[in-house]
Amino acid sequence: MPKNVKKQHLPTKTCVVCNRPFSWRKKWEKVWDEVKYCSDRCRRERG
């Protein structure tokens, strides 16, 4: 991801639990293709 990208231009996904959109985060840089949940709470409730 290039530096200084405005938040509105970051890639987004939809959470598979709550169906809300969420944006790319620096901590997900290397695993963005594997990210499915917007938060730890959704990951725990994936049931």
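At 57% relative accessibility, Asn19 counts as exposed in this predicted model. Asn19 sits in the loop that links strand 1 to strand 2 (21-23). The phi angle of Asn19 is near 60 degrees, a positive value in a residue other than glycine. Most residues other than glycine have a negative phi.

The wider fold can be set out briefly. The chain holds 1 helix and 2 strands. Read from the N terminus, the order of elements is β-β-α. Strand 1 covers residues 12-14, strand 2 covers 21-23, and helix 1 covers 40-44. The C-alpha trace spans about 35 × 20 × 15 Å along its principal axes. Of the contacts with a separation of 6 or more, 12% join residues 24 or more positions apart.

The surface was examined next. The chain has 47 residues, and 21% of them count as buried. Its accessible surface comes to about 4300 Å². Carbon and sulfur atoms account for 45% of that area. Charged side chains number 14 positive and 5 negative. The centres of these two sets lie 5 Å apart.

In soluble globular proteins, nonpolar side chains tend to be buried together. Here the largest nonpolar core has 10 residues in all. Its aromatic members are Phe22, Trp24, Trp28, Trp32 and Tyr37. Leu10 and Val35 also belong to this core. Cys15, Cys38 and Cys42 complete the set. Phe22 makes contacts with several of these core residues, among them Cys15, Trp28, Trp32, Val35, Tyr37 and Cys38. Phe22 also touches Pro11, Thr12, Lys13, Thr14 and Lys36. Residues up to four places away in sequence are left out of this list.

The cysteines were then considered. A disulfide is a covalent bond between the sulfur atoms of two cysteines. The structure holds 0 disulfides. Cys18 is in no disulfide, and the nearest cysteine sulfur, that of Cys15, is 3.6 Å away. A disulfide requires sulfur atoms within 2.5 Å, so this pair does not qualify. Cys18 is partly exposed, with a relative accessible area of 27%. For Cys38, the closest cysteine sulfur is in Cys18, at 3.7 Å, which is too far for a bond. Cys38 is buried, at 15% relative accessible area.

Several residues outside the strands and helix complete the description. Pro11 is found in the segment before strand 1. Its relative accessibility is 27%, so Pro11 counts as partly exposed. Pro11 and Cys42 are 31 residues apart in sequence, and their C-alpha atoms are 19 Å apart in space.

The loop between strand 2 and helix 1 contains Lys26 and Val31. Lys26 counts as exposed, at 57% relative accessibility. Val31 is partly exposed, with a relative accessible area of 32%. Lys26 and Asn4 are 22 residues apart along the chain, with 12 Å between their C-alpha atoms. Val31 and Arg41 are 10 residues apart along the chain, and 19 Å separates their C-alpha atoms.

How values were computed
Residues numbered from 1 in each chain as written. Predicted model: local features only at pLDDT ≥ 70, side-chain atom pairs only at ≥ 80, totals over all residues. Heavy atoms only, no water. Helix = DSSP H or I, 4+ residues; strand = E, 2+ residues; numbered from the N terminus. Buried < 20%, exposed > 50% of the residue type's maximum accessible area, 1.4 Å probe, protein only. Contact = heavy atoms within 4.5 Å. Areas by Shrake-Rupley, 256 points an atom, 1.4 Å probe, with all protein chains shown as cover. Lys, Arg positive; Asp, Glu negative; His and termini not counted. Charge placed at Lys NZ, Arg CZ, Asp CG, Glu CD. Core = buried A, V, L, I, M, F, W, Y, C linked by side-chain atoms within 4.5 Å.
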